[in-house]
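Good morning, and thank you for coming. Please bring up the sequence and the model, and I shall take you through several local features before turning to the packing.

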Amino acid sequence: MSGPVAAVRPGVAAAHPSTAAAGAAVLRRGGHAVDAAVAMVLVSCAAETLFTGLSGGGFAVVHDAATGEVTCVDFFVAVPGLGERRGSGAIPIEVYLGGHPVPYEIGPATVAVPGVPAGVRHLWQRWGRLDWATLVEPALLASYGTPFPLTHAQLLPFITAAMCAGEGAQVFQRPDGTLLQAGDPLSHPDHWRAFETLRDAPDDFYRGPYADAMLASVADGGALSTADLAAYQVVESTPAEVTLDLDDGRVRVLARGDDMDDVLSTLAAAATSAPGDPVTDPEAACQLVEALRAHPRLADTTNVCAVDADGNACVATTSLGLGSSVYVPGYGVHLNSMLGEGELIRGEAVPGRRMTSMMSPLVVLDDEGRLRVAAGAAGGSRIRPALVQTVVRMLRGTAPQQAIDLPRLTALPGGQVRLEPGFSPAVLAALAEAGNTVVETETQLPFFGGVSAISPLGAGADPRRSGEWILVDPAQPT
C-alpha cells in the first residue's frame, strides 16, 4: 500500500452468494457491520451446512470505528459433562482430507455444547441497530432451499460418511440416492422451524422445547445435558496483537490468540521475510513452508466479513465440525461433531471448558486506528496458511480478490508440501531441493481454505468455496 490509503467502502464478503446477499441487504437498510455479519452467519447455517450450522460455534472480531476498539467475541463450543451424562460409543468413520484418509468420529458422543445461537444474539444485543426479526428473516427464507454450489458438490463425495449417514441422506442425496449436484436445492426437513424459534424465542435453544428435543436426540451416548446448556456463556476478550513495520508505514494486526495455530506470529514472520511472492520467489516459498508446517485437522468452517458506512467492521468464523449425523427431531438441525475431532482437545477434556480452534478472524489497523484489512478464513488447519498468504499479499498492495485468487501452498507433516497449480518451476525445484515432497494439485481445491476479505482496494471472496463479495451504496434501496 503506497501513498495515502482510501477509506474502506461498505460491503460484505462470504462463502456463498445467498450469504453475501443477506449481508448486503442489511447494510443497505442502514445496519451495523455486526447486523450484516449476524444475518450472514445465520444464512450460512441454512445454505452452507457442509461447513456450519445452528449447533456449531465460532468467533468474531468487531472493530468500532469511532473508538478504535477491537473486541474478540468467543462463542465457540464447550466440552459437555457438567450434568450426570457421560459420553460413550462414538462411531469411527473415515473421510478424506486432501486426498488422504483421515479418521474421525460421529454420533451423540461427539456433540459439544453449541454456541452459535447465543453468539449471534450476543453480537446483536451488543452492537446491532436493526430489529432481531429482520436479521433472522433471510435465514428463514434460505432454510426452504438454496442452490448447492459447485465447490460443495465437488467436496461432498469425500465426506459422505459424515454427511449422508442417518437423516443426512435426505439432505445431501437426491431421491434416487445419488449425491447432490451443483444447482440442486439444499434444504433440511423442518429447518424452517428452527429459524422461526430463533426469531421468536431464541432462549429456547438453551432452555425450552428446542433444547429438550436436542437433549433427547443425544440421549443414547451423548454427554450434553441441561446443566451444560444452562452454564454456556459468550465471552468477550481483548484480541492478541502484533505490530508490523511495512515499507509504507506501521500497522497493527489484531486477532483471536491461540497457541495451537498462531496466525499472528506466522503472519509477522511472513510479512517481514523475503519480499517476493512464494508463487515465483523460491526463497520466499521455502521460508513460508518452514513457518507453516502443521498437522492436518478436519473441522471445517465458513467465514463472513462486513464493513458498514461508518467504517465499523465485523469478521466472524463458524464451524460445525463435519457434523455428528445426529439431527434435532422436528427442527432439522444437524448437531456438531466437535468432540469427534480429537486434536481439538488438548489435555484433559474438562466439562464447561471451551474447546480449542484454528479460527482466526482478524483486522488490520494503521497507526491512526483506521481499518486496512478485515479478513478471515475457513479450512481447519489450512486457515493459517490461507490467511497468512492472502493477508501478506494485501498488505503489500494487492487487491483482495487477486490476493485470494493467487495459488496457495500448505505444509504437512512428514515433509510434504501441497501446492495449487501456478507456482513457478524454480519454486517447485527449490522446495524439492530443501527436502520436501512436493505435490501439485490439478486444480484449486476447497482443501486449501476459503478466505473472505475487505480492504480499501475492494473486497474478495474465495472461488475455492464459491464465495461472493458485494460493495454497497448505503443509500441504494434493498
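S325 is a buried residue, because its relative accessibility is 15% and the limit for that class is under 20%. This is a predicted model, so please take each value that follows as computed from predicted coordinates. S325 sits in the loop between β12, residues 313-321, and β13, residues 327-328. Its backbone deserves a remark: phi of S325 is positive, about 70°, although the residue is not a glycine.

A positive phi is also found at D190, where the angle is near 65°, again in a residue other than glycine. D190 belongs to the loop between β7, residues 185-186, and α8. Is D190 buried or partly exposed? With a relative accessibility of 32%, D190 counts as partly exposed.

That loop leads us to helix α8, which spans residues 191-200. Its buried residues are H191, A194, F195, T197 and L198. Viewed down the axis of α8, these buried residues fall within an arc of 155°, so they line one face of the helix. As general background, an α-helix has 3.6 residues a turn, so residues three or four places apart point the same way. What do the buried residues of α8 pack against? Their partners are α2, α3 (116-127), α4 (132-142), α9 (209-217) and β14 (333-334).

I turn now to the nonpolar cores. The largest has 67 residues, and V12, L54 and L123 are those with the most contacts inside it. Helix α2, residues 33-47, supplies the largest share of this core, with 13 residues. Setting aside neighbours within four places in sequence, L54 is in contact with L42, C45, P114, V116, P117, A194, F195, L198, F205 and V333. Among these contacts of L54 are A194, F195 and L198, three of the residues that are buried in α8. There is also a second, separate core, of 51 residues, which includes V279, A411, L419 and V451.

Next, helix α12. Which residues of α12 are buried? They are A284, A285, L288, V289 and L292. Seen down the axis of α12, the buried residues lie within an arc of 135°, so here too they line one face of the helix. They pack against α11 (263-271), α13, β17 (409-411), β18 (416-419) and α15 (425-433).

The pairing of α12 with α13 can be described further. Two packed helices are described by the angle between their axes and the distance between the axes. For α12, residues 282-292, and α13, residues 383-395, the axes come within 11 Å and cross at roughly 145°. The crossing is right-handed. On the α12 side the contact is made by L288, A291 and L292, and on the α13 side by R384, P385, V388 and Q389. By class, this contact has 5 nonpolar, 1 polar and 1 charged residues.

I close with E241, in strand β9, residues 240-246. E241 has a relative accessible area of 42% and is therefore partly exposed. Leaving out residues up to four places away in sequence, E241 touches R252, V253, L254 and L264. Finally, where does E241 stand with respect to V364? The two are 123 residues apart in sequence, while their C-alpha atoms are 9.5 Å apart in space.

Technical notes. Residues numbered from 1 in each chain as written. Predicted model: local features only at pLDDT ≥ 70, side-chain atom pairs only at ≥ 80, totals over all residues. Heavy atoms only, no water. Core = buried A, V, L, I, M, F, W, Y, C linked by side-chain atoms within 4.5 Å. Buried < 20%, exposed > 50% of the residue type's maximum accessible area, 1.4 Å probe, protein only. Helix = DSSP H or I, 4+ residues; strand = E, 2+ residues; numbered from the N terminus. Contact = heavy atoms within 4.5 Å. Axes fitted to C-alpha atoms, helices over the stretch in contact; angles between N-to-C directions. Left-handed = near helix turned anticlockwise from the far one by under 90°. Nonpolar A, V, L, I, M, F, W, Y, C, P; charged D, E, K, R; others polar. Arc of directions from axis to C-beta.
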